Amino acid sequence: MSIASRIKQNNSREFVNSTTTNALEDGTKRSSELVFDEKYLRSSALKLAQQGQYSKAIALFCQLIDYNSNNAIDFNNRGLIYFQIGEKQKAFCDYQTALQLNPRLAGAYNNRANYYVVCGNLAAAIADYDRAIDLNPSYVRAWINRGITLRDLGQYEEAIDNFEMALLFGQLEAYIWAEYGRTYHLWGDWNCAISAYNRAFSLLFFLDRRKKVFGYSLHLQLESWLNELLL
């Protein structure tokens with residue numbers, strides 16, 4: 001993401017970067033004392049999270065929330081990072097706040113559903129995935145997550161239906177085919193499972209070029225599932 005368009009002077013980016021650094025180094029500073037660009041800080045926080053610098057990303061989201069406590073997206077994003085580092089209760093609290101601020105934020109329902117899955121409350125998870133999909137019918141990750149959860153409940157046919165819907169949107173196809181194959185695998189249809197696994201492997205050739213880490217991880221998972229099936 002680029003710096004917000006309202007930054008016009010040549011030294012604006014350097015000033016924003018300096019402000020960002022100060023915000024990270026001085027936790028006692030109130031964001032009201034800082035002059036910064038919200039969009040740029042939000043982008044910086046997301047990039048830090050993608051790089052695995054979670055504590056710095058959380059610090060930036062805390063600054064943004066301190067500056068504007070009515071932005072549901074910032075609570076949702078901070079919750080997602082908390083969830084990734086194992087601070088699940090903090091994540092849940094942020095998802096709850098996000099949904100209080102914006103009851104139509106599909107991403108927060110999906111993320112809260114993931115929390116419920118970890119807690120073993122699969123019925124509550126399905127309800128939240130349903131809500132996320134109702135609000136955003138093209139929300140591919142919610143379709144995938146609901147499919148995996150239905151599979152965990154032993155509802156294999158319904159899980160397959162969800163993966164087939166997810167495939168219609170042309171996103172995360174290798175991942176979907178992998179989960180599609182895993183579902184047939186657990187259901188006992190090994191021919192369909194092997195076919196789906198092979199389809200996922202073939203798609204990974206292209207995925208690896210763009211997202212090497214994700215592609216490598218998925219490749220290892222597929223190898224494990226296929227070896228389990230063949231053995």
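## Helix faces and charged pairs in an all-helical predicted model

Leaving aside neighbours within four places in sequence, N114 is in contact with F83, Y129 and N145. The position of N114 is in helix α6, and one of these contacts is polar, since the side chains of N114 and Y129 are joined at a distance of 2.5 Å. This description refers to a predicted model, and the values given below are computed from its atoms.

### Overall make-up

The protein contains twelve helices and zero strands, so that its elements, read from the N terminus on, run α-α-α-α-α-α-α-α-α-α-α-α. Of its 231 residues, 46% are buried, and the protein exposes about 12,600 Å², of which carbon and sulfur atoms supply 49%. Among the contacts with a separation of 6 or more, 48% are accounted for by residues 24 or more positions apart.

### Two helices and their buried faces

Which residues of α5 are buried? In this helix, which covers residues 88-101, the buried positions are A91, F92, D94, Y95, A98 and L99. They cover an arc of only 165° around the axis, and therefore lie on the same side of α5. The cover over these buried residues includes α4 (72-84) and α6 (106-118), the latter being the helix in which N114 is placed.

Helix α9, at residues 156-167, can be described in a similar way. Its buried residues are A159, I160, N162, F163, A166 and L167. Seen down the axis of α9, these residues fall within an arc of 160°, so they line one face of the helix. What covers them includes α8 (140-152) and α10.

The lengths of the two helices are also available. Helix α5 has 14 residues and reaches 20 Å from its first C-alpha to its last, which is close to the 20 Å expected at 1.5 Å a residue. Helix α9, with twelve residues, reaches 17 Å between the corresponding atoms, close to the 16 Å expected at 1.5 Å a residue.

### Salt bridges

Side chains of opposite charge can pair when their charged atoms come close. The count of salt bridges in the protein comes to seven, and three of them are set out in the table, each with the distance between N and O atoms.

| Pair | N to O distance | Location |
|---|---|---|
| R42 and E38 | 3.7 Å | both in α2 (residues 38-50) |
| R78 and D94 | 2.7 Å | R78 in α4, D94 in α5 |
| D128 and R112 | 2.6 Å | D128 in α7 (residues 122-135), R112 in α6 |

The pair R42 and E38 is four residues apart within helix α2, about one turn of the helix, and both R42 and E38 are buried. These two residues also belong to a wider arrangement, in which E38, R42 and D74 are linked in a network of salt bridges.

What does the salt bridge between R78 and D94 tie together? With R78 in helix α4 and D94 in helix α5, the pair ties together parts that are 16 residues apart in sequence. R78 counts as buried because its relative accessible area is 13%, under the 20% limit, and D94 is likewise buried, at 5% relative accessibility. D94 is also one of the buried residues of α5, and the cover over those residues includes α4, the helix that holds R78.

The salt bridge between D128 and R112 joins helix α7 to helix α6, and so ties together parts that are 16 residues apart in sequence. D128 is buried, with a relative accessible area of 6%, and R112 counts as buried at 14% relative accessibility.

### A loop residue with positive phi

Most residues other than glycine have a negative phi. Where is L172 found? L172 lies in the loop between α9 (156-167) and α10 (173-187), and it has a positive phi of about 50° although it is not a glycine. At 22% relative accessibility, L172 counts as partly exposed, because this value falls between the limits of 20% for buried and 50% for exposed residues. The two helices on either side of this loop, α9 and α10, are also related through burial, since α10 is part of what covers the buried residues of α9.

Note on methods:
Residues are numbered from 1 along each chain as its sequence is written. This is a predicted model: local features need pLDDT of at least 70, side-chain atom pairs count only at pLDDT 80 or more; totals for chains, interfaces and linings use all residues. Side-chain values use heavy atoms; hydrogens and water are left out. The expected span of a helix is 1.5 Å times one less than its number of residues. Buried means under 20% relative accessible area, exposed over 50%, partly exposed in between (1.4 Å probe, protein chains only). The arc is that of the directions from the helix axis to the C-beta atoms. Contact means heavy atoms within 4.5 Å. A polar contact is a pair of N or O atoms within 3.5 Å; within protein, one must be able to donate a hydrogen and the other to accept it, and residues adjacent in sequence count only if both atoms are side-chain atoms. Accessible areas come from the Shrake-Rupley method with a 1.4 Å probe; for residues, only the protein chains shown count as cover. A salt bridge is a side-chain nitrogen of Lys or Arg within 4 Å of a carboxyl oxygen of Asp or Glu.
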